[in-house]
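Labels such as "buried" or "pocket" rest on cut-offs. Let us test a few of them.

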Amino acid sequence: MNADMNTAVERYYDTTLDLYEELWGEHVHHGFWDEGERPDADGADRHTATDRLVHELVSYAGVPAEARVLDVGCGIGGPALYLAGALRCSVVGVTLSAQQAARAGEKAAEAGLAERAEFHQLDALSTGFPDASFDVLWAVESLMHIADREAFFAEAMRLLRPGGRLAIATWSVRDGALAEDEQDLVDQILKHQVMPSFSSLEEHERMASAAGFTEVASVDWSRAVANSWDPEFALIKKPEHGRATMVSLARERGADVLGFFYAGPLMKKGFDTGVMTYGAIRAVKPVTQNAETYGEVVELLGVVLDEDDAWRTTVTPATTLDGDLELESIELTALSEALQARYGATVDLATHVAGLDVDEIIAFTVGDLAAFVSSNAAQADGA
């Protein structure tokens, strides 16, 4: 079932890639408008509104600058290029569509961001990346295509470093049982958009919590994004020759392409009736090492950097030693000596860092440091 769904999703996006880019824009997702704002009255146009949705998710989920990010369902790379550009993140985008991955790579090269944004055709549930590879797992309007969402949250937990953040924006459905006509509408949307099912925002929260995430929360953005499906409001460009173009495309590419055109009226009705919803989910992978050890590590960092107690409250497990704290070599040496004095000779940070490659050093966080201390101090205790 999952393999069949993946194949269908790949075919759909390969078939409609140019349509989305031509008629929808660089960001193949909803726009975000304030209450009462209209694009035809000096408000944000659709492209600005789709940009804003990305900014809203960054803010809501607390995505840090210079983070290493896995973008699940990266599309043609719109959000990834913002993260790699404005936030200087290192982004790995994955999509089931080979054509989307190729187009995203082209756009990264055109923007001069190829060194910080790479894209691959991969199944998000079996990427092959090592444990604790990323600071942020980002998923904008991709989770609806994944049938086994419990497996998605479990894989996100595996891939994130301690203290890493989950940032999701997703189509969703009203919580609770639906009436027969409401379920019929949902089934039509699922069919034409190649999606196995919808979950409510509350269900997403429950799955994240069950997977072990902490600080789990969601926000309903339905009212802010619903007008994305109103062509008169969003000023969506219509295909030349209207229905004749649709028929021609269906003959040329197959009937699946019609789902692109059917989605608008169905989704508008879904939002108008309250059956369809939309929101963001955020969560944090807990720091697995002993909380006392983590506190002691932050305390030692403060001593080495000559910072006060107020500064220590700004440090999180996702804070990087290189980018955020700008730890100099002499400070790293002093920290290594302080750690060995407190925990023993096996906690040799300087030697550990010397064995990392450049990207690993850049990505090394306070959470990673505390985990290193816990692991090596435990080895000393067991010796």
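Below, short questions and answers set values against definitions.

This is a predicted model, so local features need pLDDT of at least 70 and side-chain atom pairs count only at pLDDT 80 or more, while totals for chains, interfaces and linings use all residues. Residues are numbered from 1 along each chain as its sequence is written, and side-chain values use heavy atoms, with hydrogens and water left out.

Q: Why is C74 called buried?
A: Buried means under 20% relative accessible area, exposed over 50%, partly exposed in between (1.4 Å probe, protein chains only). C74 has 4% relative accessibility, so C74 counts as buried.

Q: What makes C89 buried?
A: Its relative accessible area is 0%, so C89 is buried.

Q: How many disulfides does a search of the whole structure find?
A: Zero. A disulfide is a pair of cysteine sulfur atoms within 2.5 Å.

Q: How do you know that the span of helix α4 agrees with its length in residues?
A: Helices (H or I, at least four residues) and strands (E, at least two) are DSSP runs, numbered from the N terminus. The expected span is 1.5 Å times one less than the number of residues. For the 13 residues of α4 (residues 98-110), that gives 18 Å. The end C-alpha atoms are 19 Å apart, which agrees.

Q: Which residues of α4 are buried, and what makes them one face?
A: Q100, A101, R103, A104, K107 and A108 are buried. Seen down the axis of α4, they fall within an arc of 165 degrees, so they line one face of the helix. The arc is that of the directions from the helix axis to the C-beta atoms.

Q: What lines the largest cavity?
A: On a 1 Å grid over the protein atoms alone, a cavity is a set of points where a 1.4 Å probe fits but cannot get out; a pocket is an open set with protein on both sides within 12 Å along at least five of seven lines; lining residues have an atom within 4 Å of a point. P64, A65, E66, A67, D135, A318, T320 and D324 line the largest cavity.

Q: What is the volume of the second largest pocket, and which residues lie nearest its centre?
A: The volume is about 610 Å³, the space filled by probe spheres set on grid points joined across faces, edges and corners. The pocket is lined by 30 residues, of which R68, R161, D359, E360 and A363 lie nearest its centre. Helix α16 gives the largest share of the lining, four residues.
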